[in-house]
Amino acid sequence: MTRALVVIPTYNERENIAMIVERVRVAVPEASVLIVDDSSPDGTGRIADELAATDASVQVLHRTEKNGLGAAYLDAFGWALAEGFDPIVQMDADGSHLPEQLPTLLDALGAPGALGVDAPETARATPLVDLVIGSRWIDGGSIENWPRHRQWLSRGGSAYARWVLRLPTRDVTAGYRAFRADALRRIRLDDVHTRGYGFQVDMLWHAREAGLVVVEVPVTFVERVKGRSKMSPAIVIEAMLRVTGWGIRSRFRRHPAPQPARGGSTARRSRA
């Protein structure tokens, strides 16, 4: 039986995690939740354990150290694949990714179980795409409560990565994503080495290398209300340097032709 999993990495998110998990469970009651905590000193892991103790659909993966968002997601993806989850969603714990928009991502993915229990079995069983990205930078996408310089930084980073890596995706740094399990296997996660901010771009670049079909759907990104952002200028600079290196390598590789997506969709399609 196919089961959707929502992966939520945490570090010092005690003010947000219970609320986010509750909203996910309301938005997609059939989905399970995996909280990945990097030994948060503020007690986030303890709160996560309490949530899991009262809800069988919530599980916790405790990591012994904080060594990057990418490392947390890679551990979670490995766990999810081993446990048979499909599709697998990644989202932030700080409220910037609205759980209420989860059905939009899952519907665009065309994943089994994503279209609702009343949908025909054939519709629920036919995947449309490999990867869905919740995008801020396509028509209908938006950002709330971000200062203008943060928007310029995000837009500029996406534009640079698109140009260097020749990616058609508009929002290459977006962290709100839904994967089919087979897509993660085709990416070959052992070859993804980025652990910091550049992880999202790295995954998208590997998706292109694997010939995956990608869809962007518009979402509203909301700046966190509680807690502190982990972003810093040094992290952004490191990501841009990595992107430049990948772009140079990409010029000397041949890319497999992506398979055409099946079925119709109002989302923006691209071939990664």
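User: Where is S39?
Analyst: This is a predicted model. In it, S39 sits in the loop between β2 (32-37) and α2.

User: What is the phi of S39?
Analyst: Positive, about 50°, although S39 is not a glycine.

User: Why bring that up?
Analyst: Because most residues other than glycine have a negative phi.

User: Is S39 buried, partly exposed or exposed?
Analyst: Partly exposed, since the relative accessible area of S39 is 40%.

User: Which other residue that isn't glycine has a positive phi?
Analyst: R188 is one of them, with phi near 65°. R188 lies in the loop between α7 and α8. R188 counts as exposed, because its relative accessibility is 56% and the cut-off for exposed is over 50%.

User: What about G211?
Analyst: G211 comes just after α8 and takes a positive phi of about 75°.

User: Peptide bonds next. Which residues does a cis bond join?
Analyst: D86 and P87, with omega at about 5°. P87 is placed in strand β4. For background, most peptide bonds are trans.

User: Back to α8. How many of its residues are buried?
Analyst: 11 of the 11, so α8 is largely enclosed by the rest of the structure. Among the buried residues are D202, H206, R208 and E209. V201, L204 and W205 are also on that list.

User: At what angle does α8 pack with α3?
Analyst: About 50°, with the axes 9 Å apart. α3 covers residues 69-83 and α8 covers residues 199-209. The two helices are therefore oblique to each other.

User: Which residues make that contact?
Analyst: From α3, L69, G70, Y73, L74 and F77. From α8, F199, Q200 and M203.

User: How do they divide into nonpolar, polar and charged?
Analyst: Six are nonpolar, two are polar and none is charged.

User: Salt bridges now. How many are there?
Analyst: The structure holds nine. One of them joins the side chains of E100 and R23, at 2.8 Å from N to O. That pair links distant parts of the chain, 77 residues apart. E100 is in the loop between β4 (85-90) and α4 (102-109), and R23 is in helix α1 (residues 17-27).

User: Are those two buried, partly exposed or exposed?
Analyst: E100 is partly exposed, with a relative accessible area of 46%. R23 also counts as partly exposed, at 24% relative accessibility. The reason is the cut-off: buried means under 20%.

User: What about D55 and R25?
Analyst: Their side chains meet in a salt bridge, 2.8 Å from N to O. D55 is in the loop between α2 (44-54) and β3 (58-62), while R25 is in helix α1, so the bridge ties together parts 30 residues apart in sequence.

User: Which pair bridges inside a helix?
Analyst: E50 and R46, which both lie in helix α2, four residues apart, or about one turn of the helix. Their side chains meet at 3.0 Å, N to O.

User: Why would that spacing work?
Analyst: An α-helix has 3.6 residues a turn, so residues three or four places apart point the same way. As for exposure, E50 counts as partly exposed at 42% relative accessibility. R46 is partly exposed too, with a relative accessible area of 44%.

User: Which residues are linked in a network?
Analyst: D38, R63 and D75 are linked in a network of salt bridges.

User: New topic. Where is H97, and is H97 buried or exposed?
Analyst: H97 is in the loop between β4 and α4. H97 is buried, with a relative accessible area of 4%.

User: What does H97 touch?
Analyst: M91, D92, G175, Y176 and F221, leaving out residues up to four places away in sequence. The C-alpha atoms of H97 and A174 are separated by 9.8 Å, although these residues are 77 apart along the chain.

User: And R186?
Analyst: R186 is in helix α7 (residues 181-187). R186 is partly exposed, with a relative accessible area of 31%. R186 touches D130, R180, A210, G211 and L212, again not counting residues up to four places away. The C-alpha atoms of R186 and A210 are 6.2 Å apart, with their positions 24 residues apart along the chain.

User: Last one, the whole chain. How many helices and strands?
Analyst: Nine helices and 10 strands. Of the 272 residues, 53% count as buried. The chain exposes about 12600 Å², and carbon and sulfur atoms supply 52% of that.

Conventions
Residues are numbered from 1 along each chain as its sequence is written. This is a predicted model: local features need pLDDT of at least 70, side-chain atom pairs count only at pLDDT 80 or more; totals for chains, interfaces and linings use all residues. Side-chain values use heavy atoms; hydrogens and water are left out. Axes are lines fitted to C-alpha atoms, for helices over the stretch in contact, and angles run from 0 to 180 degrees between N-to-C directions. Angles under 35 degrees count as roughly parallel, over 145 as roughly antiparallel, 65 to 115 as roughly perpendicular and the rest as oblique. Contact means heavy atoms within 4.5 Å. Ala, Val, Leu, Ile, Met, Phe, Trp, Tyr, Cys and Pro count as nonpolar, Asp, Glu, Lys and Arg as charged, and the others, Gly among them, as polar. Buried means under 20% relative accessible area, exposed over 50%, partly exposed in between (1.4 Å probe, protein chains only). Accessible areas come from the Shrake-Rupley method with a 1.4 Å probe; for residues, only the protein chains shown count as cover. A salt bridge is a side-chain nitrogen of Lys or Arg within 4 Å of a carboxyl oxygen of Asp or Glu.
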